[in-house]
Amino acid sequence: ILSFSISSYVQNMFLNIKLHQEDGGYLNYDALKNFIIFDTIVWIILFITIISIIFIFKKNWRNIVIYSASFFSLIQLVALISLLATSKPGVGNNNFIFTGENELGIAKEKNIIIIVLDSFGNKCLDKALVKYPDMRKGLNDFTYYSKANADYQRTCPSMSHMLTGFEMKEGLSDVDYLNEAWTSPNCQSFYHDVHSSGYDFRIYTGDRAAYYGNGTNLLGKIDNVEISGSNINKPELFILLLKTSAFKYMPYICKHTFETITWEFDKATSSSHVAETDTDVYYQKLLNEGLFIDKNVQNAITVKHLFGLHDTDKVNANVEKDVNATLEDCAKGVMVVIDEYLNQLKALGKYDDSTIIITADHGQGLFDYDNPEYSKDNLDVQVIYFIKESNEKNDKMKISNAPIRHCDLMPSIIYYIEKNGNHEKSSDSMEKHKKYGTAFIEHKNNEKRTRFFFYKTDSEYQLYNYIGNRDDLEYQMEISNYKSYTR
């Protein structure tokens, strides 16, 4: 027991250097195989050393155990006191959620629909098209932007950046960023303009604070918000907390047994009214219940977030849950869902006059160029972007290399509202969007535009600036040409 306890302590304090935050993804054990061997050897050496010391000094083994246990307990006590003294208060007031009721509803007049497919990078799309060349056949009326920039890696803060336009600042924690983003004057003004134009703004995603921080931030901005009726499954939550602790203290060779993902905590504390984010579950709901015209909603901007290509929630080409599916097969399965959604819109007669955007919050990308076990091929930093404006018709899909960014989404939404005619009639009515930036349509092919990309690590944000395509960004990342923002 003493050998195990000391080895676990050493693991947590000194050997978890390759351990990332529990952010919804699994560790890449194949890439860590050499470190796993090293980690296992350290455990074996520690066990042999401690047992040998006790055997050599067997007359005093009780004192060795007592003093060792007391020493490590004292260290843990000091750490606990320090943690309690320095920890910031929690987010608080998170009893507001995005309700999933009527998530299949379509406004009876104007619709701007934004489908966010988690972790869907444009490099993955290119690879999937080799295997499934017809997977975009239902998107003839769309324009595909082949050099779209995600701005941020990981759902937090990417989703909030897309919906608030707020940029990361030096020294902000994730919680502070979310709260500042959703209460910023620019954000307040945007949602005021949306609502004053006669549109609801609805977000259908999981019961999580990763997008908005303090739940009260949603009030007056998002229309499908309600007080959460969360029921905590205490036994399940207790087991998850035990697994999380074990994950930190176990050697890498055993960590996969105890690995948890953030969605498991959501399910242990979630409301029964949240939207479906599992791609396969949403697909079945779409097939069984179908889209419908919501007669209570005149005009709506709808953001639908699905897990998409997220590594812990992948589907195969037949839209069946399969965490071992290749990214190419998962991409095909996700596009099957998109085709079904668009076909149902057509059946309702709401496809033509709807503006539809299909994108991702971020691509793939756990990497470390200092570690040769990580492959650059696994990095997928840019995202898919398919856009169809209302009443747009094409014989085949258009392709643009215009250098658009996620921060262009907010001004584009206002632009689409202006174009659809639901705005104040004035001489500058088509200029309102410009106070939030430039719309997608205002960026042209072959345009030279400096864009930024924040790569999020466990200790910092790495800010990269580049001009060009994903290869140019990946090169900046490869040579570590970034500015560090502490978290």
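**Exercise 1. A proline and its peptide bond**

In which helix does Pro 157 lie? State also the form of the peptide bond that precedes this residue in the predicted model.

*Solution.* Step 1: Pro 157 belongs to helix α5, which spans residues 155–164. Step 2: the bond that leads from Cys 156 to Pro 157 is cis, and its omega is near 20°.

**Exercise 2. Two residues with positive phi**

Compare Asp 151 and Asn 446: where does each residue lie, and is each buried or exposed?

*Solution.* Step 1: locate the residues. Asp 151 is placed in the loop between β4 (143–145) and α5, while Asn 446 is in the loop between α13 (409–420) and β12.

Step 2: consider the backbone. Asp 151 is not a glycine, yet its phi is positive, at about 75°. Asn 446, also a residue other than glycine, has a positive phi near 65°.

Step 3: apply the cut-offs, under 20% for buried and over 50% for exposed. Asp 151 has a relative accessible area of 0% and is therefore buried. Asn 446 has a relative accessibility of 59%, so this residue counts as exposed.

**Exercise 3. The open sheet**

Determine the order of the strands in the open sheet, and explain why β5 and β11 each have one side without a neighbour.

*Solution.* Step 1: the sheet has seven strands, in the order β5-β8-β3-β9-β10-β4-β11, and the pairing is mixed.

Step 2: β5 (200–204) and β11 (398–400) are at the edges; each has a single partner strand, so one side of each lacks a neighbour in the sheet. From one strand to the next, the twist averages 15°.

Step 3: examine one edge. β5 runs parallel to β8 (residues 300–306), and five bridges join the two. Within β8, Ile 301 is the bridge partner of Phe 201.

Step 4: add the helix. α12 packs on the sheet and touches β3 (111–117), β8 and β9 (354–359). The direction of α12 makes about 170° with that of β3.

**Exercise 4. The nonpolar cores**

Which residues of the largest nonpolar core touch the most other members, and which helix gives the most to this core?

*Solution.* Step 1: the largest nonpolar core has 88 residues, of which Phe 120, Phe 201, Tyr 341 and Tyr 385 touch the most other members. Step 2: helix α12 (residues 327–348) gives the most to this core, namely nine residues. Step 3: a second core is separate; it has 13 residues, among them Tyr 152, Met 168, Tyr 177 and Phe 452.

Step 4: take Tyr 385 as an example. With residues up to four places away in sequence left out, Tyr 385 touches residues that include Tyr 144, Ile 358, His 406 and Phe 440.

**Exercise 5. A hairpin and the helix beside it**

Describe the pairing of β12 and β13, and explain why the buried residues of α14 are said to line one face.

*Solution.* Step 1: β12 and β13 form a hairpin, with three residues between them. The two strands pair in the antiparallel sense over six bridges, and Asn 465 in β13 is the bridge partner of Phe 452.

Step 2: recall that side chains in a regular strand alternate between the two faces of the sheet. In β12, Arg 451, Phe 453 and Tyr 455 are buried on one side, and Phe 452, Phe 454 and Lys 456 are buried on the other. Six of the six residues of β12 are thus buried.

Step 3: turn to α14 (residues 470–478), whose buried residues are Arg 470, Leu 473, Glu 474, Gln 476 and Met 477. Viewed down the axis of α14, these buried residues fall within an arc of 155°, so they line one face of the helix. The elements that cover them include α4 (122–131), β12 (451–456) and β13 (460–466).

Step 4: inspect both ends of α14. At its start, a side-chain oxygen of Asn 469 comes to within 3.0 Å of the backbone nitrogen of Asp 471. Just after α14, Ser 480 has a positive phi of about 55°.

Technical notes:
Residues numbered from 1 in each chain as written. Predicted model: local features only at pLDDT ≥ 70, side-chain atom pairs only at ≥ 80, totals over all residues. Heavy atoms only, no water. Core = buried A, V, L, I, M, F, W, Y, C linked by side-chain atoms within 4.5 Å. Buried < 20%, exposed > 50% of the residue type's maximum accessible area, 1.4 Å probe, protein only. Helix = DSSP H or I, 4+ residues; strand = E, 2+ residues; numbered from the N terminus. Contact = heavy atoms within 4.5 Å. Pairing = 2+ DSSP bridges. Axes fitted to C-alpha atoms, helices over the stretch in contact; angles between N-to-C directions. Arc of directions from axis to C-beta. Polar contact = N/O pair within 3.5 Å; in protein donor to acceptor, adjacent residues only side chain to side chain.
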